[in-house]
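Me: I am new to this structure and would like a close look at a single part of it. Please take me through that part slowly, and then show me what lies around it.

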Amino acid sequence: MKRDIVTNLFVIKFANVNGTGSASANKLFSKSVFRMGVPISPKNIFPSNIQGLPTWYEVRINENGFLGRRGGIDVMVGMNPQSMERDIAEVEKGGYFVYDSTKPLNPELKRDDIDFIGLPLMEKCREMYEDPRQRQLFRNIMYVGSLAALFGMKLDIAKQLIAEQFKGKEKIIEANCLALQTGYDLAKELHRCPIAFRIETRDKVGNKILIDGNEACGLGAVYGGATVSAWYPITPSTSVIDNFARYCRRFRMDPETGQKNFAIVQAEDELAAIGMVIGASWNGARAFTATSGPGLSLMNEFLGLAYFAEIPTVLVDVQRAGPSTGMPTRTQQSDVLSAAYASHGDTKHICLYPSTPKECFELTATAFDLAERFQTPILILSDLDLGMNDNMSEPFDWDDAKKYDRGKVYSEEDLENMTERFGRYLDVDGDGIPYRTYPGTHPTKGAFFTRGTSKDDYAVYTEIGEKYIGNMERIMRKWETASKEVPKPVIRKTEKPCTVGVVYYGTSEASTIEALHHLNAMHGISLDSMGIKSFPFSEEVGRFIDEHEYVFVVEQNRDAQMRTLLINEYNFDPEQLVPLLHYDGSPITARYIRHEIRDWILQTTTAPRRRSRFY
Amino acid sequence: MSYNIPAFRHPNLPKNDLGYTSKDYEGAVSTLCAGCGHDSISAAIIEACFEMSIPPHRVAKLSGIGCSSKTPTYFLGNSHGFNSVHGRMPSVATGANMANRDLLYIGVSGDGDTASIGMGQFVHAVRRNVNMVYICENNGVYGLTKGQDSATTDKGSKSKKGEPNALEPIDLCAIALQLGATFVANSFSGDKDQLVPIIQAAITHKGFAFINVISPCVTFNNTPGSTKSYDFIRQHMASTNTVDYVPPATEITAAYDEGTDERVAMHDGSVITFHKLESKHDIHSRSSALAMMQEFKAEDKVLTGILFIDQDSQDIHEAMNTTAAAPLRSLNADKLCPGSSALEEINNIHR
C-alpha cells in the first residue's frame, strides 16, 4: 500500500482488557510523546468493571495543538480478542492494526485497505517470565517499545519516565527497560520501521502540563481554602476527593503537632455528604463535596435548603451518562438543567462550566469565594472526559497577594458596636446579599435561627405571605448581583461581521474551536463563537445571541439542555438556537461538529428552519 | 409566628457562675400543644445549661423536621439554631462539628426523624462518635402530620385513631448500644429530676451522647391504649439508677451508701454519681445494659436512667487527628494555601 508519511498528526487507540495493567503502559506511551514536545490528548474509554472487560485508550497526537477528539482511528493496538472485530472495523482506510501474533489472526477479520502488524508478544513473554502476572504486565510495556520502533521514536524518553516513576527501585526500572527494549527490537526485527505514521521531536508543548480535571479540582479546593470535605464514592468524581486528600496530606499537616488542618468525611450517602458540607459552611468553614449525576439528584433536597437558608456550598459535579451502572463510565454534559434548577420550590443555582484543567483549578478555588460572597450553592460542572482524562493544559498559577473573599460576615467587634438589631436576612447594602454570623461569635448579639422558607428579615419564624415574597425578591436581587460577578463568556469574533454564531461550554470547547478552524479553512465558512463559563448568564451571553440571526448550541446531551436554559432565561425564539448534540458517551469530535454545521449551513439558504430530529 | 417571652425579669432571680439567670437560657414561647412532653424536655435543657453555666452563645442547637424539631426555637434563644431537613440533622451537626470542635452541639430529633427517615444518618453519627448531645423526643407518633404510627410505636399500642399497631417497634437505645454508642440513656419527659442530670452528663461526655426521652403526645398518642402515654409510662417506668451531676472541682460531700454508688469521672473533671437501684447493672458494660433492657421489657417495664458510658470515648476529631489548636473554620490562608512556589513544583511534576 502506498502511503504519505504523516508526522505527529494521527490518532492511535489501544484496545485492552481492563485490570491487566495496560493503563500505566498506555500512559507511558502518551507521556513519552508529550515529553517529545508534541501535543497529545488521551481519552480513556472504560467499563463499569474492575477486571476482564474491554477498555480503550485513545490518543490524539496533533502538533497543531488541536486537542479535542478528532474522530476516526489511524493506528489500533488491538490487544483484546473480545473486541477485535469491532476494533479492526474502526481503523480508517490506510491505517494500521497492531496485534499480538502469538495466536494467528482470524482470516475473516482481515481487511485489504489497512496494514496488519503482528508481534509475537505473549510468546516472547512466556520465554522471558515465569510468573503469569509478570507476563501480562510486561507484554504491555513491550508493545510500548514496539510502537516506539514503528513510529521512529527513541526509547530514551520512555526509559527516563520509567526511572522517574520507580525512583529508587532499580530492579523494577531494569525489568521495565528490558521489556521496552525487547519490544523495540522485536518490531525492528519483524517489520520495516518506521511505518507511515511517525512521531518526531517538536517544541510545541511549551510550559504546558498534562493533568486531569479531577486532580485540578482537588488542588483548586486546597488552594481555595477548603477545610471540610464530605463525599460519597461515585464514578467519575471520586478522584476529586482522592486528590484533595493527597494534596492535603502534603500541604495541610501541621508541622508542629502532626495534626490535620483539614477534615475529610466519607459519608454514608450523598444526602449526608451535602448535609455535612452545609453544616460546616453554616459554621464558617469552607466546605465542599464532589459527586456525579445520581449524587446530585440525592442532594437536591439539601441544595434547596442551602439556597433558601443562604448557606455557602461548593459542589463539584463530574457529569456522566445517567443512572445505574454501565454507561455511567462514559461522558456527557447531561446535568445542566438538574444542576441549574436543582431542588424544590423556586430555586436556581450558580453553575460554572470549566473546559480545561486550568479552569477546573481556578473555578474550584473561585467557587469558595463566590459561595461565601453570595451565600448560596455553587455547582462546578465538569465531566468524565475532563475529570478522568489527562488533558494538556496551561500551567496553573496563583497570586500570593490574593485574599479569600469570606463574604459578608459580622465579627464579634462588628456586633459589639452595632446599635440596631441584627437582621440575618436584611438587605443592608441594596445588593440583595445579607450579613451572616457564625455560631459562637458574640455572647448576646448575632444569634439567629436558620430555617428554610418561613422567616422574616430577622430570621424570626413567620408564615406571612408578604414576608416570604420580600425574601424571595431579595434573593433575586442577589442573583442579579451575581450575574455581574460570575466568570464572563469567552467570545471569538470573525474579522467580518457574521450572522451565525456557535455557542458551547465545558468539554465541547476544544472540538468546537477546531471545527470552526476547519470550517473556515476547508469550506470557507467562518462563524463567531462564544464559550459559556457560568450561570447566571452575564449580559454578554444574551447580547451575543441577539447579535446573530441564529446560533448553534453545541452540547453533549440528548435534550439540548443548555439551549433550554438559554431559552428559558432569555425568552429567545427557540428557532434562533439550533441544537448540535452528541451523546453516545464518547467525547464529542471536531469532525462531527464540522459536518453538522457544514450540512446545516449548506442546506439553509434563508432563516433557520425546524429539523424534525431535534424537536 | 414566634412570640418572644417578655424581657421582664424578676430582680431576685438566681444567677449562675457567668451571671446569667435561667431566663437567659430560654427561647421563644412554645407553639406546641399545651401539655406536650417536648416542652418539658426544653425546660430540662434550659435548666441543665443554666446550672452548668454554659455560655449560651457557645451552643449550637440543631434539629430535623417534626414537632420535636421545632423545639430548638423554644430554648437557648442566644444560641445559633438550625432547623434543617427531615431526618438529616445528624449530617448537618457532623459538618458543623467538623468546622468548629469547640462548641457544644445539641441535636434534637423525634422518632420519625430518627427511627425512620433519618435512621441512616443516625446510625452513622453514632458510629462516627460525633461529639454532641443527641436527644430523641420519642412520642411514638407523627404529630405534625396528625397521628400516624411511627417506627417506635410499640406493637399493639393504640393511638387516637384506635387501631392497634401491628409491627414491632425499633428500640433506639438498643440500636445505639449495638452500634457502639459511647453514651446511651433512656428517660421520660415527665421525670425532670432524672432528665436534667442525664442531660448534664451527656453534655459532659466527649463523644456521641444519645438520650432517648419518652415524651407523650397529648393530642395524638395519650390514649388509654397507648404505651407512650403519661399514665402508661408512670406506671411502667423502672430505673437502673438515679444520677447526680457534680461540676468540675466541686467537692463531693453528700454521703452515699458504700457499695451502691458509683462515681464516674468525666474528661472535664466533673463527676457523674450513680445511685444504683439495680445492683447487677454495670454502667460500663454494653452487654449488661442490653441484657437489663431485655429483662425489663419482658416484664413490661420501661427501663430508664443512664444505661451505658464509655469513659475512654474518642470522638471523631481525635479519631481523624484533626488539629486541636484551633477550629478548622478559624484557619486562614497562611495555613491553608500552599502558595505559588508549591504550585510551580506541582506544575513541574506534570511536565
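Reply: What follows begins with one strand of chain A and its neighbours, and then moves outward to the rest of the two chains.

The model is a predicted one, and every value below is computed from it. The part to start from is strand β22 of chain A, which spans residues 550–555. Five of its six residues are buried, so this strand is largely enclosed by the rest of the structure.

Part of that surrounding is formed by other strands. Strand β19 of chain A, residues 500–505, pairs with β22(A) in the parallel sense over four bridges, and within this pairing Val503(A) has Val553(A) of β22(A) as its bridge partner. Strand β23 of chain A, residues 577–581, is also joined to β22(A), in this case by five bridges, and these two strands run parallel as well. Here Phe552(A) stands opposite Val578(A) of β23(A). To pass from β22(A) to β23(A), the chain goes through helix α18 of chain A, residues 561–570, and the resulting β-α-β crossover is right-handed.

A helix also belongs to this picture, namely α17 of chain A, which covers residues 539–546 and whose buried residues are Val541(A), Phe544(A) and Ile545(A). Viewed down the axis of α17(A), these buried residues fall within an arc of 95°, so they line one face of the helix. The general reason is that an α-helix has 3.6 residues a turn, so residues three or four places apart point the same way. The face of α17(A) turned away from the buried side carries Glu539(A), Arg543(A) and Asp546(A), which are exposed. On the buried side, the packing partners of the helix include β22 itself, together with β19 and α18 of chain A; β18 (490–492) and β20 (528–532) of chain A are also packed against by the buried residues of α17(A).

The approach to this helix has a backbone feature that is worth finding in the structure. Phe535(A) and Pro536(A) are joined by a cis peptide bond with an omega of about 10°, and Pro536(A) lies in the loop between β21 (534–535) and α17 of chain A. Another cis peptide bond of chain A joins Cys193(A) to Pro194(A), with omega about -5°, and in that case the proline sits in the loop between α6 (170–190) and β8 (197–198) of chain A.

Elsewhere in chain A, a UniProt annotation from an unreviewed entry, "domain: Pyruvate/ketoisovalerate oxidoreductase catalytic", covers residues 19–185. This span is 45% helix and 22% strand, and its end C-alpha atoms lie 27 Å apart.

Chain A also touches chain B, with 58 residues of chain A in contact with 51 residues of chain B. On the chain A side, the elements that each supply at least two residues include the strands β9 (209–212), β10 (228–231) and β11 (263–266), and the helices α7 (213–223), α9 (270–282) and α10 (293–309). Of the elements on that side, α9(A) gives the most, with nine residues.

Chain B itself contains 12 helices and 13 strands. For its 351 residues a compact globule would have a radius of gyration near 20 Å, and the 21 Å of chain B agrees with this. Its C-alpha trace spans about 75 × 50 × 50 Å along the principal axes, and 55% of its residues count as buried. Among the contacts in chain B with a separation of 6 or more, 71% are between residues 24 or more positions apart. UniProt, again in an unreviewed entry, places "domain: Thiamine pyrophosphate enzyme TPP-binding" at residues 65–213 of chain B, a stretch that is 34% helix and 23% strand, with its end C-alpha atoms 17 Å apart.

Two loop residues of chain B complete the view. Asp300(B), in the loop between α9 (286–298) and β13 (302–309) of chain B, has a positive phi of about 65° although it is not a glycine, and Asp300(B) is exposed, with 10 other C-beta atoms within 10 Å. Asn321(B), found in the loop between α10 (316–320) and α11 (333–336) of chain B, likewise has a positive phi, near 60°, without being a glycine; Asn321(B) is partly exposed, with 14 other C-beta atoms within 10 Å.

Note on methods. Residues are numbered from 1 along each chain as its sequence is written. Chains are lettered from A and ligands numbered from 1 in the order in which they are written. This is a predicted model: local features need pLDDT of at least 70, side-chain atom pairs count only at pLDDT 80 or more; totals for chains, interfaces and linings use all residues. A residue is buried if 20 or more other C-beta atoms lie within 10 Å of its own, exposed if 12 or fewer, and partly exposed in between; C-beta atoms are placed from the backbone. Two strands pair if DSSP finds at least two bridges between them. A crossover is right-handed if, with the strands pointing away from the viewer, the path from the first strand over the helix to the second runs clockwise. The radius of gyration is taken over C-alpha atoms; the globule rule is 2.2 Å times the number of residues to the power 0.38. Two residues are in contact if their C-beta atoms, placed from the backbone, lie within 7 Å. UniProt positions are given in the numbering used here, feature names are shortened, and annotations may be inferred rather than shown by experiment. The arc is that of the directions from the helix axis to the C-beta atoms.
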